[in-house]
Amino acid sequence: MESCCENVKAVRRSKEEKKLLRKQIKASHTLLKHEGISTVSQPTKSLVVANGGLGNGVSREQLQDVLGEVGEVEILVMPPHKPYALVTYRSEVSAQRGHALNGRQLQRGDQIVTLYLSYVNTVDSELWGCVDLPPGLVLVEEFVSPEEEALLLDAIDWTSHDEDVTVQKVLKHRRVKHFGYEFRYDNNNVDKDKPLPGGLPQVCVPVLERCVRDRHTEVMPDQLTVNQYQSGQGIPPHVDTHSAFEDLILSLSLGAKTVMDFRHPEGRSVAVVLPRRSLLVMKGESRYLWTHGITPRKFDVVPACDPKSPAAVTSDLSNHSNLTLSRRGTRTSLTFRKVRRTPCDCGYPSACDSQQPPAPPSPPFLPRSQTDACRLEAEFVHRVYEEIACHFSSTRHSPWPRVCHFLSSLEPGSILADVGCGNGKYLGVNPDVIAVGCDRSSALVQICSERGFQAFVSDALNVPLRSDTCDACISIAVIHHLSTQVIHHLSTQVIHHLSTQVIHHLSTQKRRQAVVEELVRLLRPGGRALIYVWAVEQEYNKQKSKYLKETRQQGPTGDNTAQDLSGTATDAHNTAQDLSGIATDTHNTAQDLSGIATDAHNTAQDLSGIATDTHNTAQDLSGIATDAHNTAQDLSGIATDCTKVHRETESPAKLSVHTNRTAFNSQDLLVPWHLKGGGRGGCNQGRGGGSKNTLDPPTEAQAPAPSPVFHRYYHVFQKGELEELCVRVRGVAIQRSYHDQGNWCVILKKTGDR
């Protein structure tokens, strides 16, 4: 890229002009780095307009008005979700006038957007090829007339709650009505033996008869779900339950248009505009395999309407030279389906609930008694680690840097206790200290022994070590595995023996405080303890933790490396640091768009493709989803749209099952572990550490068996919660607290005043 400064070195510039030039140059470098767009210093007919993209909330009409002030625009390309646009003028003279718009400010609601323009050689409006619709998907525009639309909307009476005719619910991001059969969100299915007496509304019959005549369907649907979406609302990506409904699904859009996102399990995505009064027909692959959903946002990227051609509205978003922003209105969808009476035998078994092994048992409730707590720990902590010990150990091969720094700071001859030591990866960090570990899992203790470390089997509630004997204790990701009621029948002194990683497995504050007290009991006066617990805030100070970032390129154990930082304390290559030239003036601008490019911060952060909305991150993992109240009612893989962390309540709540590599939706949860290659057997690890590849690959004639999935109980900590816990303990002072790659951490010092 030629420097933009070469021809202006001799020109005296004001302070504001110099500042503007610096931002222009930085924007040019950013475009080259992330998009491969090279700017030039010599005038041409084409310009790139940084900060003038749909991702910044700038509409085509708004940008066209500004650029058209100085000359006739020949081509204007606005890629979806990008913070820039490309323009070609009819003449080079007009382009030079356009270049003089550099620094022009646009008003976007309450925010101001500053444009930075640079010359480029050409603008290719065909940079992105056409995207085909998913197989089996058909969109019929203007399927109903405005008069029919009015009749259908009038027939949906949201003020009526007649349970003999329909079932009406208010969900977090929309309200729904069911006719014919109720669709139950607790099991994502219908009760086929309990039809609703009212059947389908009569006003729908002519529309359905037309669907049959036009051969969109061969059978009349018997179930109708009506969804009403206000501006800014949506529905998470999902596949309609195979066992609940037959192949064909018909969806009528009334009141307003929207954009529906379709995604293939392999990652391909297609955004389809659903115009008002259009009919969407899903069958075959598009119905059974692709997820479909609507991102909650107030604006959509849609084809611009040509006033000369009223029929210009189309579902094709591949023509980037004709895109703009459209404010959403209130949309009502009528989805017609036929209830299935026999198991589904479709050709997509990987996505078919009828062809899957039996579902795992429903997640347990938070303990309400000592017996419940014992059962929870035995089933979702002790048994799990015995089964996964070898596989777990193979993923815990790299000590975390800041823990190593703490251990290395200990004086030679110091006595160190690692309570909940796992495979002993920290026992050998500092060879000059006397280190001993304990763990509840006999299989993990055996691995420690094979590696030459001193360790013994011990429940964290009763560590057989003398008081005031240790110079240091560490507790790394242990305490979160203990449940609520177990400790109530134990003495405070016994409780004190819990360690770091145990803390986030305790489900009451009293139990967690007892863990800290136990660590302090083991310390001599002046001794220090390091505690790590898993944090709710996996994105902190605009930095995503390694747990969130390692989502797509994971190997076989990728979903299981929770909290395994693999020796990396920080990530110096955060893309957001390089994007301030383009996004500085637009961070707040795009917030009103509520999802056009996830949010304004991620708009600038992701220049390599259509920005992924935060509600889509967890949707393709087929995990058991949660709702906003952490009731874990939606357990068939349709991720729900919860956005707030659930705080503990006095009433017992069912534990939700977390979707790996996503943000936490609750503090008490079950985290899946996908076992590879068996459990206790096959451990052969030397003192140097676990092997990343402990399994032999299957031969060609040997089909790999499905991996068992275990669930581990966790309590994840909110900001300040760990410090709050520690200040309640007598005889201890907090030396330091910090956030380290998705963990909250404290260093305590025993003062001796107890």
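# Exercises: salt bridges and a three-stranded sheet

Asp191 and Lys194 form a salt bridge, with 3.9 Å between the closest N and O atoms. A salt bridge here is a side-chain nitrogen of Lys or Arg within 4 Å of a carboxyl oxygen of Asp or Glu. The model is predicted, so to speak of local features takes pLDDT of at least 70 and side-chain atom pairs count only at pLDDT 80 or more, while totals for chains, interfaces and linings use all residues. Residues are numbered from 1 along each chain as its sequence is written, and side-chain values use heavy atoms, without hydrogens and water.

**Exercise 1.** Classify Asp191 and Lys194 by accessibility.

*Solution.*
- Take the cut-offs: buried is under 20% relative accessible area, exposed is over 50%, and partly exposed lies in between (1.4 Å probe, protein chains only).
- Asp191 has 25% relative accessibility and counts as partly exposed.
- Lys194 has 59% and is exposed.

**Exercise 2.** Which parts of the chain does the pair Arg340 and Glu246 tie together?

*Solution.*
- Check the contact: the two side chains form a salt bridge at 3.4 Å, N to O.
- Place the residues: Arg340 is in the loop between strand E22 (331-339) and helix H7 (370-395), and Glu246 is in strand E15 (residues 245-254), so the pair ties together parts 94 residues apart in sequence.
- Helices (H or I, at least four residues) and strands (E, at least two) are DSSP runs, numbered from the N terminus.
- Add accessibility: Arg340 is buried at 5%, whereas Glu246 is partly exposed at 29%.

**Exercise 3.** Are Asp300 and Arg297 buried or exposed?

*Solution.*
- Start with the distance: their salt bridge has its closest N and O atoms 2.8 Å apart.
- Asp300 is buried, with a relative accessible area of 2%.
- Arg297 is buried too, at 5% relative accessibility.
- Turn to a network: Glu142, Glu149, Arg276 and Arg277 are joined into one by salt bridges that share partners.
- Finish with the count: the rule gives 18 salt bridges.

**Exercise 4.** Which strands stand at the edges of the sheet E30-E31-E32, and why is one side of each left without a neighbour?

*Solution.*
- Read the order: the sheet is open, has three strands, E30-E31-E32, and its pairing is mixed.
- Find the edges: E30 (656-657) and E32 (709-715) each have a single partner strand, so one side of each has no neighbour in the sheet.
- Apply the pairing rule: two strands pair if DSSP finds at least two bridges between them.
- Count: seven bridges join E31 (residues 668-674) to E32, and the two run antiparallel.
- Locate one position: Leu670 stands opposite Tyr713 in E32.
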